[in-house]
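Open the model in your viewer and keep the sequence beside it. This tour goes from a single pair of side chains out to the whole chain.

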Amino acid sequence: MELDLRSIKVTLQMDRLRCKTPELVRKEIWTHALAYNLIRTVMAQAAAREGVPPRTISFEATLQVLEAFRPVIAAQVDRGTGHLAALYEQMLRAIAAHKVADRPDRFEPRMAKQGPKRYDRLTRPRREIKLQMLKRSSKI
């Protein structure tokens, strides 16, 4: 479960939600969950075709292969379904080729990576802060 959450939060960049309203935050979470499930579905199809367990395929490498094949698929859309099916098979083979390494002695500390920032957070509109800075500098 932790690996799945890490895939959603880190690899799909949902570690920080960008929306401000509760409704949009819910939509953002559901969009990430949908994307995650679609990627895992493609991984499961690749694993089934190659006869390997789905958890042995790298999630991040799958994302990279999908991103690499995206312009190729977009350029080949008008060539017909047979050609797209062959391209999809190639993509599944490329995905299945990226296995997760077996690292039995690896462990990671449970610590927060992000610490205090050197600068304050931008919590008000940039224009408002710039005006405030100009007022301060004109008084000096």
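Buried here means under 20% relative accessible area, and exposed means over 50%. The model is predicted.

**Stop 1: two rings.** Select Y36 and F59. Are they buried or exposed? Both Y36 and F59 are buried. Show their side chains. The structure holds 1 aromatic pair. Y36 and F59 form it, with ring centres 5.4 Å apart and planes at 35°, a tilted arrangement. The pair counts as tilted because its angle of 35° is neither under 30 degrees nor over 60.

**Stop 2: the helices behind them.** Select residues 22-50. This is helix α2, where Y36 sits. Now add residues 59-75, helix α3, which holds F59. The two ring residues are 23 residues apart, and their pair links distant parts of the chain.

**Stop 3: the whole fold.** Switch to cartoon view. How many helices and strands are there? The chain has 5 helices and 0 strands. Follow the sequence and the pattern reads α-α-α-α-α.

**Stop 4: overall dimensions.** Zoom out. The C-alpha atoms fill a box of roughly 70 × 50 × 30 Å along the principal axes. The radius of gyration is 22 Å, while a compact globule of 140 residues would have one near 14 Å. Of contacts between residues at least 6 apart in sequence, 58% join residues at least 24 apart.

**Stop 5: the surface.** Turn on the surface. The chain exposes about 11700 Å², with 58% of that from carbon and sulfur atoms. Buried residues make up 20% of the 140. Finally, colour by charge. There are 28 positive and 15 negative charges, and their mean positions lie 10 Å apart.

Note on methods. Residues are numbered from 1 along each chain as its sequence is written. This is a predicted model: local features need pLDDT of at least 70, side-chain atom pairs count only at pLDDT 80 or more; totals for chains, interfaces and linings use all residues. Side-chain values use heavy atoms; hydrogens and water are left out. Rings of Phe, Tyr and Trp (its six-membered ring) pair if their centres lie within 6.5 Å; planes under 30 degrees apart count as stacked, over 60 as edge-to-face and the rest as tilted. Helices (H or I, at least four residues) and strands (E, at least two) are DSSP runs, numbered from the N terminus. Buried means under 20% relative accessible area, exposed over 50%, partly exposed in between (1.4 Å probe, protein chains only). The radius of gyration is taken over C-alpha atoms; the globule rule is 2.2 Å times the number of residues to the power 0.38. Contact means heavy atoms within 4.5 Å. Accessible areas come from the Shrake-Rupley method with a 1.4 Å probe; for residues, only the protein chains shown count as cover. Lys and Arg count as positive and Asp and Glu as negative; His and the chain ends are not counted. The place of a charge is taken as NZ of Lys, CZ of Arg, CG of Asp or CD of Glu.
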